[in-house]
Amino acid sequence: MGFFDFLHGADINEGVELFRSTPGALLLDVRTAQEYAGGHIPGSVNIPLQELERAKSVIPAKDTPVFVHCLSGARSRQAAAELKHMGYSNVQNIGGISAWRGEVQK
């Protein structure tokens, strides 16, 4: 990892691959319900950023690997920080679905 790697942002394609290879992981989409209904990554769970408090009922174990994404990466960055503040210890922002090259489910 180089000194300027933080400038490149998260790669959702690598993040989803890592999610799929991590036992017990959760792929969390923090876009609105309407955005999610318009198309989402198969296997993802939708909890809009504004309703993130609901995560407590969906992700009961604080050490669950959680891979968070949104449209561009901005909301998922905020959600990842909030989840960490809520006590979740294994949270990763993987960026925005706008860069996703895989299948989208409707």
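What follows walks through the sheet, two of the helices packed on it, and one buried asparagine in a predicted model.

The sheet comes first. Four strands make up an open sheet in the order β2-β1-β3-β4, and their pairing is parallel. At the edges sit β2 (44-46) and β4 (91-96), each of which has a pairing partner on one side only. From one strand to the next, the twist averages 30 degrees. As background, the strands of a sheet are held in register through backbone hydrogen bonds, either parallel or antiparallel. Here, β1 (residues 26-29) and β3 (residues 66-70) run parallel and are joined by 4 bridges. Within that pair, leucine 28 has valine 68 of β3 as its bridge partner.

Two helices can be placed against these strands. Helix α1 (residues 12-20) packs on the sheet and touches β1, β3 and β4, with its direction at about 140 degrees to that of β4. Helix α4 (residues 74-85) lies across β1, β3 and β4 as well, and runs at about 145 degrees to β3.

Helix α4 deserves a closer look. Its 12 residues reach 17 Å from the first C-alpha to the last, close to the 16 Å expected at 1.5 Å a residue. Buried in α4 are Ser76, Ala79, Ala80 and Leu83. These residues cover an arc of only 105 degrees around the axis, so they end up on the same side of α4. The spacing fits a general rule: an α-helix has 3.6 residues a turn, so residues three or four places apart point the same way. What the buried residues of α4 pack against is β1, α3 (55-58), β3 and β4. Turn to the other side of α4, and Arg77 and His85 are exposed. After the helix comes glycine 87, with a positive phi near 105 degrees.

Back in helix α1, asparagine 13 is worth a stop. Its relative accessibility is 13%, and asparagine 13 counts as buried because the cut-off for that label is under 20%. A polar atom of the asparagine 13 side chain lies 2.9 Å from the backbone nitrogen of arginine 101. Leaving aside residues up to four places away in sequence, asparagine 13 touches Ala99, Trp100, Arg101 and Gly102. Arg101 thus appears twice for this side chain's residue, once in the list of touching residues and once through its backbone nitrogen.

Notes. Residues numbered from 1 in each chain as written. Predicted model: local features only at pLDDT ≥ 70, side-chain atom pairs only at ≥ 80, totals over all residues. Heavy atoms only, no water. Pairing = 2+ DSSP bridges. Axes fitted to C-alpha atoms, helices over the stretch in contact; angles between N-to-C directions. Contact = heavy atoms within 4.5 Å. Expected span 1.5 Å × (residues − 1). Buried < 20%, exposed > 50% of the residue type's maximum accessible area, 1.4 Å probe, protein only. Arc of directions from axis to C-beta. Polar contact = N/O pair within 3.5 Å; in protein donor to acceptor, adjacent residues only side chain to side chain.
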